[in-house]
Amino acid sequence: LRSCSPGRARRTNASRRTSLVARFGDIYAQERLDAETLLRTYITDVEMVQRIIYIAAVESFHAAKMAYRQFKIRVRDTLSLGHSGPESLEDTVLDYIVRHEDLYDVQASVNDVIRSMNINPKISFPPEIDFIVISTLIRELCRVAFSMQTLVPPLDIAFGTDGELFSETKYHRSFDSDFTAALVAYHVWPALMENDVVIVKGEAVTKR
C-alpha cells in the first residue's frame, strides 16, 4: 500500500463535489451526444438509442458503486492491521481511496456494464455490433460514479421507471415530448441526487 495523508478527503470534499457535478454535466453535454451520434449510424429508432444510453448510465453507476464497495473493503482490511489514529479508520480508508483512485479497475466495470446491457430485455442491438462501441461513455460514467462514492455524503442517480408520474423537480422534458402528458414514456438521462434531493435534473420523454 502507498502512504496516505489523513484528513485529505474531508478537506477537499467541497471542491471535489463541485468538480464531479460539473463533470457529470459535461458527460451529458458531450460524451452522451457523441454516443448518440455513433449509435444512430447503426439504429434508426431514436427511442431505442436514447434508452440504450440511459441504461448505460444506470448500469455504470451500479457497477461503479459495487466496485467501490469491494475496493473499500480491501483497503479497510489492509489498513486496519496497522491503524493507530489519531483519525478514525473510516477517515483513513477514505483518504487512501481519494489519493489512489487510479487503482480503480475501471475496465472491469465497463465489462460488467456491457454484460448487463447484453441481457437487458428493454434494449436491443443489431447482432453484428456490440455495446462496446459506446465504451468511452461507459468508462467516463464509471469513473465519475466511483469518485462520487468518495464524497460525504455520496452522490447517486435517481431511480426511474417507465410510466412513472413526471416530476418537474427531477426531470426536464425532452423537446419531442407531449408537454400535456403526465407520465414518463422513457428516460433519456438520470437525475443526480444527494441525500434524496435532486441537485442536477435528468431528462425524460412524456407521451400520452
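In which sense do S3 and strand S6 pair, and over how many bridges? Strand S3 and strand S6 (residues 202–206) pair in the antiparallel sense over 4 bridges, where a pair of strands requires at least two bridges found by DSSP. Within this pairing, Val 184 has Thr 206 of S6 as its bridge partner.

The model is predicted, with local features requiring pLDDT of at least 70 and side-chain atom pairs counting only at pLDDT 80 or more, while totals for chains, interfaces and linings use all residues. Residues are numbered from 1 along each chain as its sequence is written, and side-chain values use heavy atoms, with hydrogens and water left out.

**Sheet and helix H4**

The antiparallel pair belongs to an open sheet of 3 strands in the order S2-S6-S3, with mixed pairing. Because strand S2 (171–173) and strand S3 (184–189) stand at the edges with a single partner strand each, one side of each is left without a neighbour in the sheet. On average, neighbouring strands of this sheet are turned by 35° against each other, direction ignored. Helix H4 (residues 46–79) packs on the sheet and touches S3 and S6, its direction making about 60° with that of S3. Here helices (H or I, at least four residues) and strands (E, at least two) are DSSP runs numbered from the N terminus, contact means heavy atoms within 4.5 Å, and axes are lines fitted to C-alpha atoms, for helices over the stretch in contact, with angles from 0 to 180 degrees between N-to-C directions.

**Pockets**

A pocket is an open set of points on a 1 Å grid over the protein atoms alone, where a 1.4 Å probe fits and protein lies on both sides within 12 Å along at least five of seven lines; lining residues have an atom within 4 Å of a point. A volume is the space filled by probe spheres set on the points.

| Pocket | Volume | Lining | From H4 |
|---|---|---|---|
| Largest | About 340 Å³ | 19 residues | 8 residues |
| Second largest | About 210 Å³ | 16 residues | 8 residues |

In the largest pocket, the lining residues closest to the centre are Tyr 54, Ile 55, Val 58, Phe 159 and Gly 160. H4, strand S1 (155–157) and S3 each supply at least two residues of this lining, which also draws at least three residues from each of domain 1 (8–155) and domain 2 (158–207), the bounds coming from an automatic or database domain assignment.

For the second largest pocket, Ala 63, Ala 67, Gln 70, Ser 109 and Asp 112 lie nearest the centre, and H4 and helix H6 (106–118) each supply at least two lining residues.
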